[in-house]
Amino acid sequence: MNKRLGNFNTLQHIAGVFRYICSMTLQERIKNISSRLASFGNESAVEKVEELLNELSTVIGYKTDGTPITKANLLDRIDANDQAIKDGDFSLVEDFEKESENW
């Protein structure tokens with residue numbers, strides 16, 4: 001088999017799996033992860049998932065109203081802000097300077 005074609009088929013397969021996973025609802029993804037984790041059948045895999053969950057639930061700060069901010073919250077906000085920037089949803093310093101002239 002041609003090595004280039006083999007790599008192409010592998011990439012096609014990975015892209016197909018990625019599209020499938022992206023099309024799943026959150027509940028389907030949770031169920032999928034749960035069944036995959038159960039199929040491993042070893043404590044090491046469960047411990048690694050627990051470590052990840054514990055790390056994501058670590059409180060790294062607090063909002064002004066005292067509500068805790070977890071690492072997972074922060075990562076979600078970073079992702080949302082990255083997407084906003086990609087979508088062009090941001091303001092430049094020049095925009096604020098121009099707006100402030102009318103104050």
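This note walks through the main features of a predicted model of one protein chain.

1. Overall layout. The protein chain has 103 residues. Five helices and two strands make up its elements. Read from the N terminus, the order is α-α-α-β-β-α-α. The two strands therefore follow the third helix in that order, and two more helices come after them.

2. Exposure of the chain. Of the residues, 8% count as buried. A residue counts as buried when its relative accessible area is under 20%. The chain exposes about 9400 Å². Carbon and sulfur atoms supply 57% of that area.

3. Helix 2. This helix covers residues 26-40, which is 15 residues. From its first C-alpha to its last it reaches 21 Å. That is close to the 21 Å expected at 1.5 Å a residue. What follows helix 2? Gly41 does, and its phi is positive, near 65 degrees.

4. The hairpin. Strand 1 spans 59-62 and strand 2 spans 68-70. The two pair in the antiparallel sense, over three bridges. Together they form a hairpin, with five residues between them. Across the pairing, Tyr62 stands opposite Pro68 in strand 2.

5. The turn of the hairpin. Gly66 sits in the turn and has a positive phi of about 95 degrees. Asp65 is found in the loop between strand 1 and strand 2. Is Asp65 buried or exposed? Its relative accessibility is 59%, so it counts as exposed. The cut-off for exposed is over 50%. The side chain of Asp65 also makes a polar contact of 2.7 Å with the side chain of Thr67.

6. The salt bridge. The count comes to one salt bridge. Lys71 forms it with Glu55, and the closest N and O atoms are 2.5 Å apart. Lys71 lies in helix 4 and Glu55 in helix 3 (residues 43-56), so the pair ties together parts that are 16 residues apart in sequence. How exposed are the two partners? Lys71 is partly exposed, with a relative accessible area of 28%. Glu55 is partly exposed too, at 40%. Both values fall between the 20% and 50% cut-offs.

7. The nonpolar patch. Which residues form the nonpolar patch on the surface? They are Ile60, Leu74, Leu75 and Ile78. Together they have about 310 Å² of accessible area. Helix 4 (residues 71-86) gives the most to the patch, with three residues.

8. Leu74 in the patch. Leu74 has its place in helix 4. Its relative accessible area is 35%, so Leu74 is partly exposed. Patch residues need over 30% relative accessible area, and Leu74 at 35% meets that cut-off.

9. Points to look at together. Helix 4 appears twice in this note. It holds Lys71, the partner of Glu55 in the salt bridge. It also gives three residues to the nonpolar patch. The hairpin is worth a second look as well: Asp65 in its loop is exposed, and Asp65 contacts Thr67 through side chains.

Note on methods: Residues are numbered from 1 along each chain as its sequence is written. This is a predicted model: local features need pLDDT of at least 70, side-chain atom pairs count only at pLDDT 80 or more; totals for chains, interfaces and linings use all residues. Side-chain values use heavy atoms; hydrogens and water are left out. Helices (H or I, at least four residues) and strands (E, at least two) are DSSP runs, numbered from the N terminus. The expected span of a helix is 1.5 Å times one less than its number of residues. Buried means under 20% relative accessible area, exposed over 50%, partly exposed in between (1.4 Å probe, protein chains only). Accessible areas come from the Shrake-Rupley method with a 1.4 Å probe; for residues, only the protein chains shown count as cover. Patches are made of residues with over 30% relative accessible area and no salt bridge: like charges are joined within 9 Å, nonpolar side chains (Val, Leu, Ile, Met, Phe, Trp, Tyr) within 5 Å. A salt bridge is a side-chain nitrogen of Lys or Arg within 4 Å of a carboxyl oxygen of Asp or Glu. A polar contact is a pair of N or O atoms within 3.5 Å; within protein, one must be able to donate a hydrogen and the other to accept it, and residues adjacent in sequence count only if both atoms are side-chain atoms. Two strands pair if DSSP finds at least two bridges between them.
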